[in-house]
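Please look over the sequence and the model below. The report that follows takes up strand pairing, then the protein as a whole.

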Amino acid sequence: MTNFNRHVKSFCFIVAALLVIFIAHTNVWAGTTGKIAGIVMDSSTKEGLPGANIVIVGTQLGASADVNGKFFILNVPPGDYSVRATMMGYGSVLQQKVRVNADRTTDLNFGLSQAVLEGKEVVVTASRPLVEKDVAASQSITTSKIADALPVSDIMAAVSLEPGIGVATNKMAVSIRGGGNDQISFQVDGMERKDKLNDKVYVPTNSALVSEIQVLSGGFNAEYGNIRSGVFNIVSKEGGNKFFGSMDYRNGPAHQKHFGPNAYGTDQYDWKTYASPAAFNEILDAEGNSIFMGWNALADLKNGENYMGKSDWTGQQLLDVWKFRHRPIDYTNNSDHYVDFGFGGPLGIKNAGFLLGLKYNRIFPILPSVRGNNQIISLEGKVHFKPTSAIKVTVNGLYGKTETTTPGRSWGAIGNMEYGADIVGSALGRDKYYLSAQDLLNVWTKQLGIRMTHTLSPSTFYEIRYNNFRMNSEAGRPPERKYNNIVKSIGGVGLNEEPAGWAVFGLGSTDLTGKYDFFGGAQIEDTSSVVTNLLNFDLTSQINNQHLIKLGFEYETDHVVKDMFARGNETVIGDPNGDNLHYNRTPYHIGSYIQDKIEYGGMIANIGLRVEHYDARGYIWDNGYIYSPIYGAGGTVGYASTDDLPKEKSKAYTVLAPRLAFSHPVRENTKFFFNYGVYYSEPTNAHRYGIKFSQREFGNIISRTRTVGYANLEPARTSAYEIGFEQSVADQWLIRAYFYAKDNTEQISQVYVMSMRNSDMVGYFANQEGLGKGQASYYTYRNHNYGDIRGIELKITKRYGQFFSGWATMDYRISTSGNYGLSQYFQDPLRAYTLYSAVKLQPQSEPRFLSNLNLHTPTEWGKLKGEWQLSINQSWSKGPRLIYNPSGLPTREVKTIYHWVNMYKTSFRVSKHVNLMSALKLLFYMDVNNLFNYRHLNLGILSGSQQDLYLTQVVDSNNGLNKKIGEYKDNNGKNVFTETWTDKNGNARAPIAPEKDFALFYYPRSFLLGVKIEY
């Protein structure tokens, strides 16, 4: 047996032994500390000084140099430090502003001179190299100082400016290089903050508490598991020997957050059409089509129906009723408020400190909602203490409450809770004036984390972490309409508060014109929860100057509970006619890893292996027979619940994930790196569990299955590699270029299942057991989706200069996706034969450029002229392609591809720093977003027929005006959506979507005013 084979066998044995001994369940645990390493030498002879002492001032961290003068200090929290080197017979040297980042090595060398004057110390400012040689992957670091100089609403918005990264706090969603919540890890101080039921992450981040936010977007070491796209690693500050704190208040002045008229004002389409003097008679559009019969004709019709018990309505009276039920709503006088407050300091006992913070956001949606506004309240705390000199204990706590809205209708879907649904609102359909069609959603988030770090020696320490994360959500209808509360009388008829308040189907009404509904919706009643427990052990040992070994064992278990139903067409909560979905499951996930960080002068390598085990602990019903009659109408009669159905336990999966990364510093200012890895993430729990029935009462004779979870879903797999180059120029400019490729397989896709009808008898395919019962017709999920993503990221940075600094990025990504399995299963062989077995979507390229120029005046110019900053942010992205496929052909056969216009946005921040005293600093700032009022068309708000008309008559090059998607004016400058316009042949055409004149374009120019106090 060769040495190579022996090493491989030993390596596999070690990993297996670790799994057996510790039986650890997994999640990602990002590093929260860094490392300082270097050499102490005689400044004259350049020889190492054995035994030199190195101390991080103000801490108990330090080291002694070895026989060659080399040293390292492990487990250093991120931050700026002063580091002192001393040696008998030599003058001490103090290096200030030494920056340490999580998971990185800070190189720090000292040159000591033989002492001439006793007590003389050399003080220098540390210079951190722009090219960090030990980083073998694409990473970004954002601090509060960086965010303060950018025109953004908070620190997470600053992170979004990095290439390939997106954050949507209002929707609790993040993305990295095309991968969303299900592919990333989001954690604070190593504690995961993820809702494993609704696939959300707890994004709200208090910038006052943040030391740094590190985003890993490629090349993750073996210590990172259950992810495929990236890691958000937020490291908070720690209380020390001095009190510190900050308060940042931002105000978004009241303004209309969309272009066009007020959606509920008297100058928008509804009022201009139905309340105009011409509306008493029939109204026709430019093409001669009838828009409205007129109030006089409608009065004759309603009198014949004895409308509301009255048979002598006049046209004017009906118009007055219409005006009352469409009364204007002023939603442009509401200000948005953002508060980040935090402070910390000593606890009053030795080597102990605390950190406490509050975050509060009150943000009004673009259009009015039944809730009024969306609020986030988040309280965070952190305490650390050292019971002994070798042991450090840290306790983190979080309490958050989110108040928002969620879609109020669900028919056949899995019923996940979506945040901020009223951003588009019901204003785009029949519920425009009936705000109560949406559900109220309250979400409570709680977290408790405990971390113990035990230093065994200067070169070895281990950590044990426990994290308990809880999410509880409640969704339900708004307050009911007060039917007996007469608000206005017209023509002797009393009118209640309609359309305000939730109204049941049987007691609701419809707009007089037949265009809008004032009832229904708010159907979902949901009480869900998830509790995630994580236990982690990590051991880190610098066995010599070249090898840093790290191994770990992780344990995770989730308890997910779903209790949801949606009303049918009746009125009461107990209504049996409504979708219902219930499950209570406890999946778990096991993982272990070992990795070695190898550091030689010309090469740094990270080599590791991860082993992961996934078990959904769910059930497959009726032995996995997808056409089973239990899914048809009446198929569950005789069973008390889904637990009583014939079932078998789901499968468990074990996978290996190798990781490899190399960084090759060519010289101090040049570096190349390469990394490759295999990554896995567990299926979303909402796709794994439950049978959603169309009847609230299980076993109802007419109950039919709508959706079936599939607990045998495999973990999705990503094979990825990355090649990078970094170059610094004149110690002022840094050029970074990354190329990456990701091969995603075994991703989840929805499939449709249709069994034979009970009258169809075709041999084996006959639904024998289903005779007399309805056929099975439902949706489920399989690992049938794939995606290939390739991209280039480029960033050029100019570090802080006397008058200006800045950066520019380019992010170019090409993605292709599709299905390699059936998207529809038909038991009828004649129908199944016609199906395509695979679908490949057209590649999409997504180039984006982003730049930021920061102009500033030096401090030396004085209190009045000094420390002014102007930060200008410019973005540009190429318009994507749209595949026009109205006939539903397989995408590979579609030839019609349209292009969007390119998108631009310019924003800036002007700010002024004021130092009131040595310990108190003020920052005043004003942001202007979308300075030039650029408009980007909301194509999604158009109905299918409106989209077809726009694309074929305006965008199409053969039959239309040959415009790009996003252009909205004809050749005469008329708005094709809201005005009469002229087509290719010179014919007058009616506006395409005049009733949506308020929703075509969002986010006009806006302002944000802020003040930040630090001490």
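## Strand 19 and its two partners

Arginine 250 has tyrosine 338 as its bridge partner, and that tyrosine lies in strand 22. This model is predicted. The pair belongs to a longer match: nine bridges link strand 19 with strand 22, residues 336-346, and the sense is antiparallel.

Strand 19 also pairs with strand 56, which covers residues 1006-1014. Here the count is six bridges, again antiparallel. Within this pairing, leucine 1009 of strand 56 stands opposite asparagine 251.

How enclosed is strand 19? The strand spans residues 244-252, and seven of its nine residues are buried. Buried means under 20% relative accessible area. Strand 19 is therefore largely enclosed by the rest of the structure.

## Strands 23, 24 and 25

Strand 24 runs from residue 374 to residue 388. Strand 23, residues 352-363, pairs with it through twelve bridges, and the two run antiparallel. One facing pair is tyrosine 360 and isoleucine 377, the latter in strand 24.

Strand 24 also pairs with strand 25, residues 391-406. Twelve bridges hold this antiparallel pairing as well. Glycine meets glycine here: residue 381 has residue 397 of strand 25 as its bridge partner. What joins strand 24 to strand 25? The connection is a hairpin, and it passes through two residues.

## An open five-stranded sheet

Another group of strands forms an open sheet. Its five strands follow the order 10-17-18-13-14, with mixed pairing. Strand 10 (139-142) and strand 14 (191-192) are the edges, and each pairs on one side only.

At the strand 10 edge, the partner is strand 17, residues 210-216. Four bridges join the two, and they run antiparallel. Glutamine 139 stands opposite leucine 216, which sits in strand 17.

## The protein as a whole

The secondary structure comprises 56 strands and ten helices. The protein has 1015 residues, and 56% of them count as buried. Its accessible surface is about 42300 Å². Carbon and sulfur atoms account for 56% of that surface.

How far apart in sequence are the residues that touch? Take the contacts between residues at least 6 apart in sequence: 70% of these join residues at least 24 apart. The pairing of strand 19 with strand 56 links residues 244-252 to residues 1006-1014.

Note on methods: Residues numbered from 1 in each chain as written. Predicted model: local features only at pLDDT ≥ 70, side-chain atom pairs only at ≥ 80, totals over all residues. Heavy atoms only, no water. Pairing = 2+ DSSP bridges. Buried < 20%, exposed > 50% of the residue type's maximum accessible area, 1.4 Å probe, protein only. Contact = heavy atoms within 4.5 Å. Areas by Shrake-Rupley, 256 points an atom, 1.4 Å probe, with all protein chains shown as cover.
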